[in-house]
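Reader: I should be grateful for a close look at one part of this model, namely how its helices pack and which side chains are involved. Please begin with the salt bridges.

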Amino acid sequence: MHVRYLVTKLRVIGYQDYAKNNQLVMDEVAKFLGLSAIEWTQDFANRSGVPRSPMLQKALMRKSFAKSAFVALFPEKFVTSLKRGLMERNTGEKPTLINEDRAYFSALIADERSKIIPDTADTSLLESLYSL
């Protein structure tokens, strides 16, 4: 009889550790996976705001033959950088909540806020996520 053993490695990372020093934590993850350390960058791809030009926003987001041809002709890094730059320039200010909407949304999340356990490692994070 032949027996096979499956060895599984598991690494648990605390969010607080990552938040304090994401470069160090990502280097540790790379080492754990057997990879060499690299220059990690944080990408904030979801910047919010109202597009200054809805037509430009639509052109940047939808697929088209011209866009596909452009992407095929140029290096991916250049295309990604150009698209990000155009979207950044086209993103205007965030709309502000009026008091009536703020009260409505506060009522919707009141139940979730009541479930936050005080004085834990995640208390301040969760409270900030549920604040308006």
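Author: Three salt bridges are found when the whole structure, a predicted model, is searched. One of them pairs Arg 11 with Glu 28, with 3.1 Å between the closest N and O atoms. Arg 11 belongs to the segment before helix H1 (15-20), whereas Glu 28 sits in helix H2 (residues 22-33), so this pair ties together parts that are 17 residues apart in sequence.

The packing of helices H4 and H5 comes next. Two packed helices are described by the angle between their axes and by the distance between those axes. For helix H4 (residues 65-73) and helix H5 (residues 76-90), the axes come within 8 Å and cross at roughly 130 degrees. H4 and H5 are therefore oblique to each other. On the H4 side, Lys 67, Phe 70 and Val 71 make the contact, and on the H5 side Phe 78, Val 79, Leu 82 and Lys 83 do so. Sorted by class, the contact of H4 with H5 comprises five nonpolar and two charged residues, with no polar ones.

There is also a nonpolar patch on the surface, of about 600 Å², made by Phe 70, Val 71, Leu 73, Phe 74, Phe 78, Leu 82 and Leu 86. At least two residues of this patch come from each of H4 and H5. Phe 74, for its part, is located in the loop between H4 and H5.

Notes: Residues numbered from 1 in each chain as written. Predicted model: local features only at pLDDT ≥ 70, side-chain atom pairs only at ≥ 80, totals over all residues. Heavy atoms only, no water. Axes fitted to C-alpha atoms, helices over the stretch in contact; angles between N-to-C directions. Helix = DSSP H or I, 4+ residues; strand = E, 2+ residues; numbered from the N terminus. Parallel < 35°, antiparallel > 145°, perpendicular 65-115°, else oblique. Contact = heavy atoms within 4.5 Å. Nonpolar A, V, L, I, M, F, W, Y, C, P; charged D, E, K, R; others polar. Patch = residues over 30% accessible without salt bridge, like charges linked within 9 Å, V, L, I, M, F, W, Y side chains within 5 Å. Areas by Shrake-Rupley, 256 points an atom, 1.4 Å probe, with all protein chains shown as cover. Salt bridge = Lys/Arg side-chain N within 4 Å of Asp/Glu carboxyl O.
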